[in-house]
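Subject: Structure handover

Dear colleague,

Please find the structure below, with the sequence. My notes on what was found in it follow.

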Amino acid sequence: MTIQWFPGHMAKARREVTEKLKLVDIIFELVDARLPLSSRNPMIDQIIQQKPRLMILNKADMADPSRTSEWINYFNERGIRAVAVNSQAGEGMKQIVTAAKEILQEKFDRMKAKGIKPRAIRTMIIGIPNVGKSTLINRLAKKNIAKTGNTPGVTKAQQWIKVGKELELLDTPGILWPKFEDEQIGYKLALTGAIKDSILNLQDIAVFALRFLNTYYPERLKERYGLETIGEPIVEAFDEIGRKRGCLMSGGEIDYDKTSEIIIRDVRMERLGRLTFDILEEYNEEES
C-alpha cells in the first residue's frame with residue numbers, strides 16, 4: 001500500500017516557511033519521540049539549510065524512554081542539539097529556552113558587541129502534522145493561543161506568538177512531504193496518527209503494527225491480547241485477537257475492520273505501554 005497525503009495548504013506552507021526564514025534566529029524542529037526520524041520532513045534540511053536549529057522530541061511520555069535517550073545521543077553526535085519534552089503535561093519546557101540560548105550565544109554576543117540592544121529570540125516551529133506544535137506553543141506561552149486538535153491539519157496559517165520576554169514564535173502549518181520514499185515510514189506515521197485515518201487501509205496498518213510489536217515488543221503483545229505464541233502467517237494472531245475481542249460477523253467470521261481499529265487504538269492509547277517505532281539499530285545498519 002502506498003500512503004500519500006499532501007493537502008494544498010501544505011504546499012503553500014512550504015513556500016511561506018522559505019520566505020520567513022530570514023526573520024528568525026533559530027528553527028525549532030518538532031518531531032514525535034516515538035519516531036524521531038520517520039516524523040522528520042526530509043525537505044526541512046534543504047529548506048532551512050545552515051540556519052541554527054533545536055530538535056525537540058515531543059510526546060516523550062509515550063515513547064520508550066531508553067530508546068529516546070539513544071535518539072538524543074544520535075542527534076547530538078551529528079551536531080544537532082536535541083531535547084525530549086512532553087508538551088501535554090508541560091514537562092521539559094525550560095530546557096527548550098535554555099538550549100536555544102546556548103545555541104545562539106555567539107550570535108547574541110556579536111550583536112551586543114555591536115551595540116545592538118538585547119531582544120527576544122525569534123524562532124520558527126516546524127514539524128509534520130500531529131506532532132504537537134500547537135500544544136507546545138500554548139505551553140510555552142502559558143495560555144491557549146494556538147488551536148489544538150488530535151487530528152492532523154489543525155494549524156493552517158502562520159502567526160507570531162510572544163512567549164514572555166525571551167521568545168517570539170512563528171507557528172507554521174504542519175508539512176508532510178509529497179511522497180514517502182520508504183513505505184515503512186508511511187506505515188509508522190499512519191499508526192501514530194499523523195495521517196488522517198479516513199484515507200488509510202486500516203487493516204494494512206494493523207498488520208504492520210502486529211509485525212512490529214512481535215519483533216520488538218513481543219511480550220507486551222502477548223500479554224495485551226492473551227496470546228501464547230505469535231508466528232507466521234501473522235493473520236493467525238489477527239484472527240485470535242478478533243475472536244478474543246468479540247469482533248465477529250454472522251457465521252462466526254472475523255470482522256477485520258473492527259479488529260484493526262482495536263489494535264490501532266490500543267497502540268495510540270498506550271495500552272501496550274510506551275513504544276518507539278524508529279529503532280536506532282536498524283538505521284545504524286543502513287548507514288554502515
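**Aromatic pairs and helix α8**

A search of the whole structure, which is a predicted model, turns up nine aromatic pairs. One of them joins Phe-208 and Phe-212, and this pair is stacked, with 6.4 Å from centre to centre and 25° between the planes. Both residues belong to helix α8, where they sit four residues apart, about one turn of the helix. Phe-208 and Phe-212 are both buried.

Phe-212 also pairs with Tyr-216: the ring centres are 5.1 Å apart and the planes stand at 40°, so this pair is tilted. Here too the two residues lie in α8 with a spacing of four residues, about one turn of the helix. What differs is the cover of each residue. Phe-212 has 6% relative accessibility and therefore counts as buried, whereas Tyr-216, at 25%, counts as partly exposed. Phe-208, Phe-212 and Tyr-216 belong to one aromatic cluster together with Tyr-187, Tyr-217 and Phe-277.

As for the helix itself, α8 covers residues 202–216. Its 15 residues should span 21 Å at 1.5 Å a residue, and the C-alpha atoms at its ends are 21 Å apart, which agrees. At the N-terminal end, Asn-201 acts as the cap, with a side-chain oxygen 3.1 Å from the backbone nitrogen of Gln-203. The buried residues of α8 are Ile-205, Ala-206, Phe-208, Ala-209, Leu-210, Phe-212 and Leu-213. They pack against four helices: α7 (183–192), α9 (218–225), α10 (235–244) and α11 (256–268).

**The chain as a whole**

The chain has twelve helices and six strands. Of its 288 residues, 51% are buried. Among contacts with a separation of 6 or more, 69% are between residues 24 or more positions apart. The exposed area of the chain is about 14300 Å², and carbon and sulfur atoms supply 47% of it.

**Two loop residues with positive phi**

Most residues other than glycine have a negative phi. Two residues to look at in this respect are Gln-49 and Glu-270, with positive phi values near 55° for Gln-49 and near 60° for Glu-270. Gln-49 is in the loop that runs between α2 (43–48) and β2 (53–58). With a relative accessibility of 58%, Gln-49 counts as exposed. Glu-270 is in the loop between α11 and α12 (280–287), and its relative accessible area of 31% makes Glu-270 partly exposed.

**A buried aspartate**

Which loop holds Asp-25? The one between α1 (8–20) and β1 (26–32). Asp-25 is buried, because its relative accessible area is 3% and buried means under 20%. The side chain of Asp-25 makes a polar contact of 2.8 Å with the side chain of Arg-119. Leaving aside residues up to four places away in sequence, Asp-25 touches Lys-51, Pro-52, Leu-104, Lys-107, Phe-108, Arg-119, Ala-120, Ile-121 and Arg-122. Arg-119 is thus listed both as a contact of Asp-25 and as its polar partner.

Best regards

Key. Residues numbered from 1 in each chain as written. Predicted model: local features only at pLDDT ≥ 70, side-chain atom pairs only at ≥ 80, totals over all residues. Heavy atoms only, no water. Expected span 1.5 Å × (residues − 1). Buried < 20%, exposed > 50% of the residue type's maximum accessible area, 1.4 Å probe, protein only. Contact = heavy atoms within 4.5 Å. Polar contact = N/O pair within 3.5 Å; in protein donor to acceptor, adjacent residues only side chain to side chain. Areas by Shrake-Rupley, 256 points an atom, 1.4 Å probe, with all protein chains shown as cover. Phe/Tyr/Trp six-rings, centres within 6.5 Å; stacked < 30°, edge-to-face > 60°.
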